[in-house]
Amino acid sequence: PRNPVLLAALAMGLWGQIALGTAVMSLCAAVHIGLIVVAMKPLSRMDAHFRDHFTIVRAGLLIGSGFALTVFGHTVQVWIWALALLLLGAFQTIELSVYFALASFTTLGYGDITLGDDIRVFGAFSAVTGMLTFGVSTAFLVGLIGRALPKNLH
């Protein structure tokens with residue numbers, strides 16, 4: 001059964017799909033950026049605490065923590081897309097919804113499961129979200145790696 005409130009947005013056709021896709025993409029971006037911003041202070045404290053310690057330990061903790069944070073952020077976003085697709089009635093099971101959201105978010109798009117014409121543009125926003133937030137994650141991790149490397153390697 002499809003959610004009547006969300007269906008009303010989709011009933012507007014292309015513009016409804018764009019509006020709803022933009023809203024979910026914005027929520028995902030807020031979650032992702034929020035996690036990074038909230039993590040900055042603890043990561044800075046960790047960096048300062050281990051500044052005089054063995055470089056591998058410091059680098060491992062900083063880069064590992066940053067990596068774990070980005071994996072968590074992307075996982076949350078995939079679940080947001082999966083739940084949106086499930087609420088819209090695009091899929092009957094959470095398993096199919098998560099699978100499609102993950103394949104789309106990572107831009108793999110296997111093509112074995114597709115969306116109907118009435119929701120196809122909305123679903124494409126999942127791939128746009130993935131591309132943008134993977135870019136933010138890459139920049140974040142590159143910054144952490146640069147900070148974690150010994151000064152003589154810069």
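# Exercises on a helical protein

Asp117 and Arg120 are joined by a salt bridge, with 2.1 Å between the closest N and O atoms. Keep this pair in mind as you work through the exercises; the model is a predicted one.

## Exercise 1: A charged pair

**Task.** Find out how many salt bridges the whole structure holds, and decide whether Asp117 is buried or exposed.

**Solution.**
- Step 1. Start with the search: across the whole structure, one salt bridge turns up.
- Step 2. Check the pair against the cut-off, which asks for a side-chain nitrogen of Lys or Arg within 4 Å of a carboxyl oxygen of Asp or Glu. For Asp117 and Arg120, the closest N and O atoms are 2.1 Å apart.
- Step 3. Look at the surroundings. Asp117 has 57% relative accessibility, so this residue counts as exposed. Arg120 has a relative accessible area of 47% and is partly exposed.
- Step 4. Add the general idea: side chains of opposite charge can pair when their charged atoms come close.

## Exercise 2: The overall fold

**Task.** Work out how many helices and strands the protein has, and what percentage of its residues count as buried.

**Solution.**
- Step 1. Count the elements: you will find five helices and zero strands. Read along the sequence, they give the pattern α-α-α-α-α.
- Step 2. Turn to burial. The protein has 154 residues, and 36% of them count as buried.
- Step 3. Now take the outside. The protein exposes about 8,700 Å², with 74% of that supplied by carbon and sulfur atoms.
- Step 4. Finish with the contacts between residues at least 6 apart in sequence: 67% of these join residues at least 24 apart.

## Exercise 3: The nonpolar cores

**Task.** Identify which residues touch the most other members of the largest nonpolar core, and which helix gives the most to this core.

**Solution.**
- Step 1. The largest nonpolar core has 21 residues, and those touching the most other members are Val24, Trp81, Leu85 and Phe122.
- Step 2. Trace where the core comes from: at least two residues each are supplied by α2 (14-49), α3 (55-87), α4 (94-105) and α5 (120-148). The most come from α3, which gives six residues.
- Step 3. Zoom in on Val24. Leaving out residues up to four places away in sequence, Val24 touches Ile80, Trp81, Ala84 and Phe122.
- Step 4. Look for a further group: a second, separate core has ten residues, including Leu43, Leu69, Phe140 and Leu144.
- Step 5. Link this to a general trend: in soluble globular proteins, nonpolar side chains tend to be buried together.

## Exercise 4: Two residues of one helix

**Task.** Decide whether His32 is buried or exposed, then do the same for Met40.

**Solution.**
- Step 1. Place both residues: His32 lies in helix α2, and helix α2 also holds Met40.
- Step 2. The relative accessible area of His32 is 2%. Buried means under 20%, so His32 is buried.
- Step 3. See what surrounds His32. Its side chain makes a polar contact with the side chain of Ser137, at 2.8 Å. Not counting residues up to four places away in sequence, the residues that His32 touches include Thr70, His74 and Val136.
- Step 4. Met40, at 45% relative accessibility, counts as partly exposed. Met40 belongs to a nonpolar surface patch with Ile33, Val37 and Val136, and together they have about 330 Å² of accessible area. The helix giving the most to the patch is α2, with three residues.

Key
Residues are numbered from 1 along each chain as its sequence is written. This is a predicted model: local features need pLDDT of at least 70, side-chain atom pairs count only at pLDDT 80 or more; totals for chains, interfaces and linings use all residues. Side-chain values use heavy atoms; hydrogens and water are left out. Helices (H or I, at least four residues) and strands (E, at least two) are DSSP runs, numbered from the N terminus. Buried means under 20% relative accessible area, exposed over 50%, partly exposed in between (1.4 Å probe, protein chains only). Contact means heavy atoms within 4.5 Å. Accessible areas come from the Shrake-Rupley method with a 1.4 Å probe; for residues, only the protein chains shown count as cover. A nonpolar core is a set of buried Ala, Val, Leu, Ile, Met, Phe, Trp, Tyr and Cys residues joined through side-chain atoms within 4.5 Å. A polar contact is a pair of N or O atoms within 3.5 Å; within protein, one must be able to donate a hydrogen and the other to accept it, and residues adjacent in sequence count only if both atoms are side-chain atoms. Patches are made of residues with over 30% relative accessible area and no salt bridge: like charges are joined within 9 Å, nonpolar side chains (Val, Leu, Ile, Met, Phe, Trp, Tyr) within 5 Å.
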